[in-house]
Amino acid sequence: MDSALRDKVRIVLCRPKFPENIGAAARAMKNMGFSRLVVVTEEKPEMERVYRMATHAARDVIDTMEFHEKVMDAVSDAGYVVGTTARLGRNRKRSLLNPLQLAEQISITAPENETAILFGPEDRGLENDDLRLCHAFVHIPTADFSSLNLAQAVMVITHTLFSHEAPAPQEPQPKLATRQELEDLYRHMQEVLIRIDFMRPDNPDYWLDNFRHLISRMPLRSREVRMLRGICRQIQWYGEDSWEKGRKEGGKSR
């Protein structure tokens, strides 16, 4: 993968527990030619410990590192978001990649789209709310012992991307809707579907997750998201208009 594509990829560490692991991840990235490191945390880590593990070689990666308190803020402008996971649930298998498949997909997606790869905390991995922001998931195959530390996982993924040679020139994937645009669409859909009694207000995630899985299999462009939101607005208007007419007619009959 050439440097132009690597520059479109950010590594996002979600709530890392130890400052040293941030530094070690930065060293792994530096070795593989990646420089965009983002850390999601509510409290800034002890930077002396981060720099010590990163060493002088990866100091520039730490110097330009971004901090965000929420995962959504770290990926809001990304057109393609991937979450690393060790769990192989039924729903995830539909969009589960191995590192090589991820490299192949990013080589198609990255030319026109910002890409974010999420890594979870060392003790329990990404949470469900993090995974809901992902278009796909990547699983690192291992033998009997399936536990990689954070820096090892970053090294495996970035090394696979670095080593991947793009196939013969092919048409890149067009610029896709950003994560923020998709989340706005999902919130709009939830509001409308609850309003027309299609979705239960006490458990909206059950149905909404199904829509997320559906849409993640057919990446949308910004104009397509706007079209779907236009349909939602029309449904919303029609439902409210029908309700108002019914209320008035009911009042007349009394």
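**Notebook: salt bridges, helix α10 and surface patches**

I began with charged pairs and found that arginine 124 forms a salt bridge with glutamate 127, their closest N and O atoms being 3.8 Å apart; a salt bridge here is a side-chain nitrogen of Lys or Arg within 4 Å of a carboxyl oxygen of Asp or Glu. I noted that this is a predicted model, in which local features need pLDDT of at least 70 and side-chain atom pairs count only at pLDDT 80 or more, while totals for chains, interfaces and linings use all residues. I also noted that residues are numbered from 1 along each chain as its sequence is written, and that side-chain values use heavy atoms, with hydrogens and water left out.

I looked up how open glutamate 127 is, and it is partly exposed because its relative accessible area is 33%; the cut-offs are under 20% for buried, over 50% for exposed and in between for partly exposed, with a 1.4 Å probe and protein chains only.

My next pair was aspartate 205 with arginine 132, a salt bridge whose closest N and O atoms are 3.8 Å apart. This pair links distant parts of the chain, since aspartate 205 sits in helix α11 and arginine 132 in the loop between α8 and β7, 73 residues apart; helices (H or I, at least four residues) and strands (E, at least two) are DSSP runs numbered from the N terminus. Searching the whole structure, I found 18 salt bridges.

**Helix α10**

I then checked the length of α10: its 17 residues, 179-195, should span 24 Å at 1.5 Å a residue, and the end C-alpha atoms are 24 Å apart, so the two agree. The expected span is 1.5 Å times one less than the number of residues.

Within α10, I saw that arginine 179 forms a salt bridge with glutamate 183, with the closest N and O atoms 3.1 Å apart. Because they are 4 residues apart in this helix, arginine 179 and glutamate 183 are separated by about one helical turn. I recorded arginine 179 as buried, with a relative accessible area of 2%, and glutamate 183 as buried too, at 7%. The buried residues of α10 also include Leu182, Leu185 and Tyr186. After the helix comes aspartate 197, whose phi is positive, near 65°.

**Positive phi in loops**

I kept in mind that most residues other than glycine have a negative phi. Arginine 15, which is not a glycine, has a positive phi of about 55°, and it lies in the loop between β1 (9-14) and α2 (19-31). Threonine 55 has a positive phi near 65° and is found in the loop between α3 and α4 (59-63).

**Surface patches**

Which residues form the nonpolar patch on the surface? I listed Ile196, Phe198, Tyr206, Trp207, Met227, Ile231 and Ile235, with about 700 Å² of accessible area together. Patches are made of residues with over 30% relative accessible area and no salt bridge, nonpolar side chains (Val, Leu, Ile, Met, Phe, Trp, Tyr) being joined within 5 Å and like charges within 9 Å. Helix α12 gives the most to the nonpolar patch, with 3 residues. Methionine 227 is found in α12 and is exposed, with a relative accessible area of 51%.

I closed with a negative surface patch formed by Glu42, Glu43, Glu69 and Asp73, where Asp and Glu count as negative. Glutamate 43 lies in the loop between β2 (37-40) and α3 (47-54), and I noted it as exposed, with a relative accessible area of 65%.

Methods: Areas by Shrake-Rupley, 256 points an atom, 1.4 Å probe, with all protein chains shown as cover. Charge placed at Lys NZ, Arg CZ, Asp CG, Glu CD.
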